[in-house]
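This briefing looks at strand pairing and strand burial in two parts of one protein chain. Please keep the sequence and the structure in view while reading.

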Amino acid sequence: MTAQASKKQPLQEPERSAGGVPFLPASADASDELMSTLRHFHLGEPGARSTLGKVSSEFLPVSLNNFRDASKVRYDYPLCLFPAETTGDVLAKPLSRFLGDVVEGFAPATENARILKDNLAWIEREICSKLRGQEAPVDAAPLVADAAKALQKQLGLKGEHVERLQGDLDQLVAAVDAGSQFLGYGRLAAVHLLLHVARCKSAPRRAAFGQEVAQLAAEMKALLAVEKSKLAAARKSTAIKQSIGASNSYFNTTAMSKMMNHSQGSSSMAIARRRRIEGALEVLEAYQSDPIVMRAVHTEKLGEALLEEAADFESVTDADPCAEAALIFDAESEKLAKVFAALRIARLESRDSYKPAIHDAWFKNFGWEGFSKEELLLLPTVVVIDNANSIAGGGLSSFSRLLSSGRPVQILARVQAHSNPGAAEGEDPFARYRVELGYLGISHRQAVVAQSSAARYEHLLKQYSLALDATHTGLHLVSTGVRSSRGGILDPWFVASAALEGRAHPFFLINPDAGDDFASRMDFSGNPQAEHDWPNHSYSYIDADGNTVNAELSFTFADYALLIPDLKDHFGVVSEGSSSDDLVPVAQWLVLPEDEANSKVPFIWGVDGKDVMQRLVVSRALMMACRDRRNYWRTLQELAGVRSRYIELAVQRASEEAQAAAAAEIEAMRSEQAEELERVRSETAGEALGRLADALVGMDLSAALSGTASAPVAATAASASAPAEEAAPEAAAEPEAAAEPEPEEEEVSFDEPWIETILCTTCNDCINLNPLMFVYDDNKQAYIADATAGTFAQLVESAEFCPANCIHPGKPLNPDEPDLEDLIKRAEAYN
């Protein structure tokens, strides 16, 4: 827990209702006896449980304390499900958004429908109250109409306000499409959403297919009619009479028959072809669209009462639902195989493209394996509805066979995120590593595998839509919340959401059609803060001094586990206000080295029903489960490319290679510069010695030997630059040459600032510091343009920043610059 800010509050603790800002009592060092008890509890000693306070169902993780009362919190449910005939890309909307969009549609201006807009929240609450306890979708129009009447009664308006509001309410009710439904967050919300997607997908497909069947049937009839007209019977008076129709009384059909040429004008259709067309026509004319959109298979444990059967939904129970679903799919595909074959034959015959040598064998054994994608998508959706524990137990073999069969059957596995599907009935879910059905599904490479939750309806609808547009077996692992009837105090929607936050039920989607690599086929969106092990959230509490403190905390699997009534025994209450350096938060404990972790006791922050924050020590078994969930999370991260160790190692290796290459290049440049500098120094020294020798040669040595010279040798050497006639008598013969003075050599000083330009790496540090003092040459390498354009401090600072160490600040040009003593000392390292 990291405190970030504080704000003073009254020292006297105010009255608080549950769900407010929690209060953290003053802390004191925990006694050795208490710490010993906490360690024993953490390690699983049964006797320690009775010593510590029992964790009641009122305790919530500190970051969820504000959501105790779901009636005060708006979330995505109820949903408005749009009818299949009117849906576009949007299949559903939250009720609040639906009502707002409808009103904005007929009253876009701010001042329009003002009373209705101000009371939309009341209508929403009224509808929600009617939906409470409803598992199946409910027709939307009557509920909206009833809520509109209730609003008029509630407000009790008079005069023109009543009429104005009623006009707006009438428009609201009229805007609800017939067939729209409201769906609350129930136990089978995921099943109802799957049925809704299946309806929306199948309706346009079946309509288009029906039109094609009718069109090709008419074409086959026309072909047969043409062939029939070639027969002699078609020229008889009775046939002519039938063909004329109601006006035949005006014609002498017998005379017409005698006048007609009865010879055949063209060759007749082959008998085999005629029979083939007649057979196809018979099948097409007998075709009727199946009213069933979804056929579900589930175990008896699920219970018929939970599946409110609609006219387009059919369900059966079976002890082995995966095997039964495969049989149902085969039976449905066998029925439609005849229709699809007849349709294909009709297409070929309409173009006269049927070739018996090719097509006879094809249609003789035509089954679902030969269906096109469009044909497979016309089959009723066959779905297995089962719980994860059942699948991971006795149903695992049939489950694997169905996933690898290629049949486009959907498997909807209802998952309790806290449990272990591989555990025996009554066994502690943390007794062994968790069986991850999602990971098992991924190993079946040609299956669509998705893990989601009805609590995130958009994510769930997205995966359903993808699966029902594909021709693969689909596995949908859907998290279910824990209902309050089992002892939980949070709404199931929040529990399911917490499973996502605590990495108990991470989201992912595998689409085999997207490509052969995980980077293409895996969608990892929807996970909060996917780059971290655990998401971090801010929260506030009031400390013992009355300060409101803003802090940040990781939400771990242990925090999620606190919401599950069956897992309360894995937590122990630390005495109020007791603290110790050996008590560490769960997220911190998980990253400690093993030796250090063994000496610490992990805890989470919980809030009781009175809004008091307390530390809850966590059992070792639950901590091992946290570690296991983090391990699986990291596996998914790597598959998704979010945080891959391979990528990290590759980046590290590339960085090291780049640094080594840069260092080698800099070293080579330094060596080259040093050689060049040594060469220049040697040449300069040679030239100086040569000039000195020349001066010595021109000196009057006799005067020096006689003791009359009063200047030292250095002075004599300096006087060598005087006119030649003063230095030696023999120089008088050449007055013009001696009269010219030698040019003065520019004095070289290392006290001035300079840059070893050839070593510059173009890092921009010095340019950014002072672009007047430092400039780039044509090679984008720096040199000092004007040392007086900046300060000595800037020269020293640029030398310290320079990655190539090629800036030499020299000595200060301005003796009055402040802090020169310190700056000169810092500059010594670079001169």
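Two strands are taken to pair if DSSP finds at least two bridges between them. In this predicted model, five bridges join strand β21 (residues 601–607) to β22, and these two strands run antiparallel.

**Strand β22 and its partners**
- Within the pairing of β21 with β22, Gly606 has Gln614 of β22 as its bridge partner.
- The hairpin of β21 and β22 has five residues between the strands, and Asp611 takes a positive phi near 65° in this hairpin.
- Strand β18 (residues 571–573) also pairs with β22 in the antiparallel sense, over three bridges, and here Val573 has Leu616 of β22 as its bridge partner.

**Burial of β22**
- Strand β22 (residues 613–618) is mostly covered, with six of its six residues buried.
- In a regular strand, side chains alternate between the two faces of the sheet.
- Both faces of β22 are covered, since Met613, Arg615 and Val617 are buried on one side, while Gln614, Leu616 and Val618 are buried on the other.

**The four-stranded sheet**
- An open sheet of four strands has the order β5-β4-β7-β6, with antiparallel pairing; its edge strands, β5 (92–94) and β6 (138–139), each pair on one side only.
- Strand β4 (residues 79–81) pairs with strand β7 (residues 181–183) in the antiparallel sense over three bridges, and Leu79 stands opposite Leu183 in β7.
- Helix α3 (residues 95–106) lies across β4, β5 and β7, and the helix runs at about 95° to β5.

Conventions:
Residues are numbered from 1 along each chain as its sequence is written. This is a predicted model: local features need pLDDT of at least 70, side-chain atom pairs count only at pLDDT 80 or more; totals for chains, interfaces and linings use all residues. Side-chain values use heavy atoms; hydrogens and water are left out. Contact means heavy atoms within 4.5 Å. Axes are lines fitted to C-alpha atoms, for helices over the stretch in contact, and angles run from 0 to 180 degrees between N-to-C directions. Buried means under 20% relative accessible area, exposed over 50%, partly exposed in between (1.4 Å probe, protein chains only).
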